Amino acid sequence: MAFIKRNYGWIIVTILAALPLIVLTKMIQVDWTDGFTLSLVESMGKGDRTTLDLLYHVTGEFAIRWLTAVLTCTPFFILFGVNNLFVRQAMGIAAAVWSILHFIIFIWMEGFMETFTQVNYVAGFIAVLILIPLLFTSNRKSMKRLKKKWKKLQKYAYVAVILSLLHVALLEKTWIIYAVVVGIGFIIRIPDVTERIIAFRLKRKK
């Protein structure tokens, strides 16, 4: 019970991030009849969209959602005074995992060399490359080892989000809502705005 009390936020984020994976497993068929074979369930596609297209779309949507969620943590703290570093780490891990899954499926569909044929693909690829070291350092041991460097490294998440938004925007997907949320977050981070919000929040508590 003590572990749950200390880490309930982390546990909730982990469950929310993992639940959609259950749906994705239904799109994949494993056959052990003649060795191990992995195939996609053909009936999962909607309309002209194949199951692989659907997997690509779903993983991309969850990747950008979790990346956006990570960047709302600091504005949320500024607005409400609530902060949990380990919840933020769990969100970062979720964002990285979904982004890497999205890229793997892209390679499955198009091949790795297709990554360099369009600006939006390159932007997405660089974002994934940035997220990989962030994924492996999103833990308490890395925080202790890297110390001040850990915070500097984690700031590259901002670059990953901007590149991801560029990737989505160039694909002409629904990106405006994410851009608005991220934009508001950056405005709240402006030192003068931050100071005024915190001062107003503290004044209301008195």
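**Exercise 1.** Which residues form one aromatic cluster?

*Solution.* The model is a predicted one, in which local features need pLDDT of at least 70, side-chain atom pairs count only at pLDDT 80 or more, and totals for chains, interfaces and linings use all residues. Residues are numbered from 1 along each chain as its sequence is written, and side-chain values use heavy atoms, with hydrogens and water left out.

Step 1. Apply the ring criterion: rings of Phe, Tyr and Trp (its six-membered ring) pair if their centres lie within 6.5 Å, and planes under 30 degrees apart count as stacked, over 60 as edge-to-face and the rest as tilted.

Step 2. A search of the whole structure with this criterion gives 11 aromatic pairs.

Step 3. One aromatic cluster is made up of Y56, F103, F106, F112, F116, Y121 and F125.

**Exercise 2.** Classify the pair F62 and W98 and the pair F116 and F125 by their ring geometry.

*Solution.* Step 1. The ring centres of F62 and W98 are 4.9 Å apart and their planes meet at 25 degrees, so this pair is stacked.

Step 2. Locate the partners. F62 belongs to helix 2 and W98 to helix 4, so the pair ties together parts that are 36 residues apart in sequence. Helices (H or I, at least four residues) and strands (E, at least two) are DSSP runs, numbered from the N terminus.

Step 3. F116 and F125 form an edge-to-face pair, with 5.7 Å from centre to centre and 80 degrees between the planes.

Step 4. Compare accessibility, where buried means under 20% relative accessible area, exposed over 50%, and partly exposed in between (1.4 Å probe, protein chains only). W98 is buried at 1%. F125 is buried at 14%, whereas F116 is partly exposed at 45%.

**Exercise 3.** Which residues of the largest nonpolar core touch the most other members, and which helix supplies the largest share?

*Solution.* Step 1. Define the set: a nonpolar core consists of buried Ala, Val, Leu, Ile, Met, Phe, Trp, Tyr and Cys residues joined through side-chain atoms within 4.5 Å.

Step 2. The largest such core has 44 residues, and W66 and M91 touch the most other members.

Step 3. At least two core residues come from each of helix 1 (2–25), helix 2 (51–71), helix 4 (85–110), helix 5 (119–136), helix 8 (156–170) and helix 9 (176–189). Helix 2 gives the largest share, 12 residues.

Step 4. List the contacts of W66, a contact being heavy atoms within 4.5 Å. Apart from neighbours within four places in sequence, W66 is in contact with V13, L16, A17, M91, A94, A95 and W98.

**Exercise 4.** How many salt bridges does the structure hold, and which residues form a salt bridge with E61 and with D192?

*Solution.* Step 1. A salt bridge requires a side-chain nitrogen of Lys or Arg within 4 Å of a carboxyl oxygen of Asp or Glu. The structure holds two.

Step 2. E61 is bridged to R65, with the closest N and O atoms 3.6 Å apart. Both residues lie in helix 2, four residues apart, about one turn of the helix. E61 is buried at 17% relative accessibility, while R65 is partly exposed at 40%.

Step 3. D192 is bridged to R196, again with closest N and O atoms 3.6 Å apart. These two are four residues apart in helix 10 (residues 191–205), so about one helical turn separates them. D192 is partly exposed at 43%, and R196 is exposed at 61%.

**Exercise 5.** Where does T194 lie, and what does its side chain reach?

*Solution.* Step 1. T194 is located in helix 10 and is buried at 13% relative accessibility.

Step 2. Residues up to four places away in sequence not being counted, T194 touches I78, I188 and R189. The C-alpha atoms of T194 and I78 are 6.5 Å apart, although 116 residues separate the two along the chain.

Step 3. The side chain of T194 reaches the backbone oxygen of I188 at 2.6 Å.

Step 4. Turn to the helix 3 side. The buried residues of helix 3 (residues 73–80) are C73, T74, P75 and I78, and they pack against helix 2, helix 4, helix 9 and helix 10.

Conventions. Contact means heavy atoms within 4.5 Å. A polar contact is a pair of N or O atoms within 3.5 Å; within protein, one must be able to donate a hydrogen and the other to accept it, and residues adjacent in sequence count only if both atoms are side-chain atoms.
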